[in-house]
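Hi,

Here is the structure I promised to pass on. Have a look at it first, and then read my notes below.

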Amino acid sequence: MQDGLGIVITIRPARASDQGALYDIVLKTGLSGADASHLYNNPKMLGHIYTAPYVALVPALAFVAERDGRVVGYVCGVAQTRAFEALQEVAWWPALRNQYACPEEASRTEWTADQIRAAWIHHPTPTPAYVAGPFPAHLHMNLSPEVRGAGLGRRLFETWCAAAKLQGVHAMHIGANPANAGGIAFWARMGFERLETPAGEEPSSAAWMGRSSAL
């Protein structure tokens, strides 16, 4: 496909050498789609959680969009959320836990954005059962602002779905920031529906959405 300037955008499998670009994109879109750079002293904190482990551990379900030789978007995910959470405990979190100290619980109200992410690295919250049970696969996607609105998000999603189908995926979920109205609207157009928290369960800080229709 081409962008508004006629420059060709291609989608290809992600490579280890793309990690730097993905760290940058997830940071520049980490505030409900806007730039979160001013919130973090360490620009890698978001990527440690939302992009890097997917490219490193599940490369078959990670893709990037490239424009004029530069990565401008990505989609990454897994076929089985519970299995991925277990894999991270063995192959991803230990090294980061050695690198970043877990902040003191007593000072939680004063945690910086970096400390909030460090706490997650030490104590990641499992995806709720009412989400991961019926919708076992999940994915993340972000685009640089200059390539939004031209259909690239749909193309990335369709590329991911085609690869996920080969791994037997039939239902998937995403977790969005409730403040990210644009992101939630996009996923609704892709066929995702909001999932309600079951009675008696603690409300989640994320807006969970699931899709169980055929890929």
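Let me start with G168, which counts as partly exposed because its relative accessibility is 48%. (Buried means under 20% relative accessible area, exposed over 50%, and partly exposed in between, with a 1.4 Å probe and protein chains only.) G168 sits in the loop between helix 8 and strand 5. Helices (H or I, at least four residues) and strands (E, at least two) are DSSP runs, numbered from the N terminus. G168 and H48 are 120 residues apart in sequence, and their C-alpha atoms are 27 Å apart in space.

Before the rest, the ground rules. This is a predicted model, in which local features need pLDDT of at least 70 and side-chain atom pairs count only at pLDDT 80 or more, while totals for chains, interfaces and linings use all residues. Residues are numbered from 1 along each chain as its sequence is written, and side-chain values use heavy atoms, with hydrogens and water left out.

Now the sheet. It is open, has 7 strands in the order 1-2-3-4-5-7-6, and its pairing is mixed. Strand 1 and strand 6 (193-194) are the edge strands, each pairing on one side only. Two strands pair if DSSP finds at least two bridges between them.

Strand 5 (residues 172-176) is a good place to look next. It has 4 of its 5 residues buried, so the rest of the structure largely encloses it. Strand 4 (residues 137-143) runs parallel to strand 5 and is joined to it by 2 bridges; H138 has H173 of strand 5 as its bridge partner. Between these two strands the chain passes through helix 8 (residues 152-165), giving a right-handed β-α-β crossover. Right-handed here means that, with the strands pointing away from the viewer, the path from the first strand over the helix to the second runs clockwise. Strand 5 also pairs with strand 7 (residues 207-211), this time antiparallel and over 5 bridges, and M172 has R211 of strand 7 as its bridge partner.

How many residues of strand 7 are buried? The count is 5 of the 5, so strand 7 too is largely enclosed by the rest of the structure. A207, M209 and R211 point one way from strand 7, whereas W208 and G210 point the other way. That fits the general rule: in a regular strand, side chains alternate between the two faces of the sheet. Strand 6 and strand 7 run antiparallel, joined by 2 bridges. Here E193 is partnered with G210, and R194 with M209.

At the other edge, R12 lies in strand 1 (residues 9-13). R12 counts as buried because its relative accessible area is 12%. Leaving aside neighbours within four places in sequence, R12 is in contact (heavy atoms within 4.5 Å) with D18, F63, V64, E66 and V71.

On to the helices. Helix 1 (19-28) has Q19, L22, Y23, I25, V26 and L27 buried. The buried residues of helix 1 pack against helix 2 (45-50), helix 3 (52-57), strand 2 (62-67), strand 3 and strand 4. In helix 6 (residues 113-122), the buried residues include D114, R117 and I121, and the buried residues of helix 6 pack against helix 2 and helix 5 (93-99).

Helix 1 also turns up in the second largest pocket, whose volume is about 150 Å³. On a 1 Å grid over the protein atoms alone, a pocket is an open set of points where a 1.4 Å probe fits, with protein on both sides within 12 Å along at least five of seven lines; lining residues have an atom within 4 Å of a point. The volume is the space filled by probe spheres set on the points, which are joined across faces, edges and corners. Of the 13 lining residues, D24, I25, K28, S144 and P145 lie nearest the centre. Helix 1 gives the largest share of the lining, 4 residues, and strand 3 (70-78) supplies at least two.

Finally, two loop residues to check. S32, in the loop between helix 1 and helix 2, has a positive phi near 55 degrees without being a glycine. D68, in the loop between strand 2 and strand 3, also has a positive phi, about 55 degrees, and is not a glycine. S32 is partly exposed, at 27% relative accessible area, while D68 is exposed, at 65%.

Cheers
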